[in-house]
Amino acid sequence: MPVRIGELLLKEKRITPAQLQEALNYQKAHGGKLGFNLVKLGFVKDEEITALLSKQYGVPSINLAQFEIDPTVIKLVPAETAQKYQIVPLSRSGATLTIAMTDPTNVFAMDDIKFMTGYNVEPVVASEGTVLDAIQKYYGGPGPESKASSGESSLELASKMLEDLPTVQDEDVEILQELEEIDVASLEKQGGEAPVIRLVNVILMSAIQKGASDIHIEPYEKEFRVRFRIDGILYNVMVPPLKYRDAITSRLKIMSKLDIAEKRLPQDGRIKIRFSDNGKSKEIDFRVSCLPTLFGEKIVLRLLDKDKLMLDMTKLGFEPESLERFEAAILRPWGMVLVTGPTGSGKTNTLYSSISRINTPETNIMTAEDPVEFNLVGVNQVQIREAIGLNFAAALRSFLRQDPNIILVGEIRDFETAEIAVKAALTGHLVLSTLHTNDAPSTVNRLMNMGIEPFLVASSVNLICAQRLVRRVCANCKQDQPLPPPALVEAGFNEEDASTVVPKKGTGCDRCNNTGYKGRVGLYEVMAITDELRELILVGASALELRRKAIEEGMITLRQSGLRKVKDGLTTVEEVARETVK
């Protein structure tokens, strides 16, 4: 470059050979770039060098001294990067960042800034003197050394963050709000960078080790955070630098076999990883959901660990009398058993446990799921694919031609699915399914609201089970936490129990991450449809009337199930109050 700029200036007759030689001698003695030294010695002006470079490389030139830069644009490039490459960010338009450079041929600088900011880079040329003055003006001298750009690996950075539960913030970030231009090749390159691969692997492995059920990767305007859901509660675990947003998203999409160029529509995929667990090879599936938000794509990964699937119904948390009713219903030859509750309340686990309980060589079991979470031996499982018309209703129709004994429908979402499920239950099949309702009695009204006639509901439904999950008190640091009887009565205990019950609470230890809770247990409200309840359904009784009658017949409500768990020292009053109502 020094000889080149000298040759260009000689060719343009801007300097003499003697001046060039003097500048080269001065450069040897004092260092610095030739162009800067030529200006310093007064042989040429800054503007002449920038005009020459602009003409030579077809890049616009700019006089930085006359340009006022927006501070939000300056914050896009760290001080150390600006000093390292002698560049200054000028402006941002859409997905393009314009930067002033002393050397417009420096592709390494442009690549670095493109990866760091996520923007396409457009260079303009400026003289070295004005660039150095602008760096001094906007960055105020040498900046603190950045770990990410000074060579420390992202893996080390991520590991430290995960150890100390994150405090790293990036408050100085301006996020692109317009629609970005999508460069697929660039996205693939970013997602394939070795540091990014290691960073994503650290996040996935850390979630497995901490026993998380979900990973949330969320972009915000000035923050990019990672949260784990552990025992039903979300915890902040990491705040990666915002510049890794697109790279991490691309890496996860590549792993999930999703379209990395599609940033405007939700996508669903799956990742299967194999890793060594205490010397044993173990496989875990991640169900991946990608959703476009205002500041980027939010990705949620659901961990599906076969080893944690509890198929023993006696260990799920059913009270003995509730379990007896539930088992009686699933052992009947026909009818419908419905499991209800919000997302993440353990409905799938209950249904899989039911199937494993009744799975014998003599039965033909068909399931329609969206998605299929676990593979069960001896069960014919069908993955729903709405895009090609294979919805629950279509799958159910096909099932009825497959000579089934037991049908599992992942979820009853509409009238069509509900109607076919009811008809199947009335024609000699046992149908298991889920619904999203708050409690067991309101499920009856939900089916009627979908358009199912009361007489069909009354004659087809055998049992409805509503459930919730609450955190278990950590067995390692469990201690008595006596509460005054009035507080226990307020929670739902009767006077007699309130005077004798001593709730337990975890004090917090290493085993439970100082939360006082480790693992979860189910609360169950099991409503068997008796003849008396059928009569009430036929006359259109309200959920309140159905609830009253069911309690009369011995139904344990969700709150009562929770209070029994408190009495047995399995959970706390706070957990029960959070998940149930009196």
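This passage looks at how confident the model is, then at one surface patch and one loop residue.

The structure is a predicted model, and its pLDDT averages 83 over the protein. Some 89% of the residues score at least 70. Confidence peaks in strand β10, residues 335-340, with a mean of 96. At the other end sits helix α9, covering residues 154-163, where the mean drops to 46, the lowest in the protein. There is also a stretch, residues 142-184, over which pLDDT stays under 50. The model still has 86 contacts beyond four places in sequence for residues 142-184. Where pLDDT is low, though, the predicted coordinates should not be read in detail.

On the surface, Phe455, Leu538 and Val539 together make a nonpolar patch of about 330 Å². Of these, Leu538 belongs to helix α21, which runs over residues 531-538. With a relative accessible area of 48%, Leu538 comes out as partly exposed, because the exposed class takes in values over 50%.

Glu68 is found in the loop that links α4 (46-57) and α5 (71-74). Its relative accessibility is 61%, so Glu68 counts as exposed. Setting aside neighbours within four places in sequence, Glu68 touches Lys137 and Tyr138. With Lys137 there is a polar contact between the two side chains, at 3.3 Å. Glu68 can also be placed relative to Leu90: the two residues are 22 apart along the chain, and their C-alpha atoms are separated by 8.5 Å.

Methods:
Residues numbered from 1 in each chain as written. Predicted model: local features only at pLDDT ≥ 70, side-chain atom pairs only at ≥ 80, totals over all residues. Heavy atoms only, no water. pLDDT = per-residue confidence, 0-100. Helix = DSSP H or I, 4+ residues; strand = E, 2+ residues; numbered from the N terminus. Contact = heavy atoms within 4.5 Å. Patch = residues over 30% accessible without salt bridge, like charges linked within 9 Å, V, L, I, M, F, W, Y side chains within 5 Å. Areas by Shrake-Rupley, 256 points an atom, 1.4 Å probe, with all protein chains shown as cover. Salt bridge = Lys/Arg side-chain N within 4 Å of Asp/Glu carboxyl O. Buried < 20%, exposed > 50% of the residue type's maximum accessible area, 1.4 Å probe, protein only. Polar contact = N/O pair within 3.5 Å; in protein donor to acceptor, adjacent residues only side chain to side chain.
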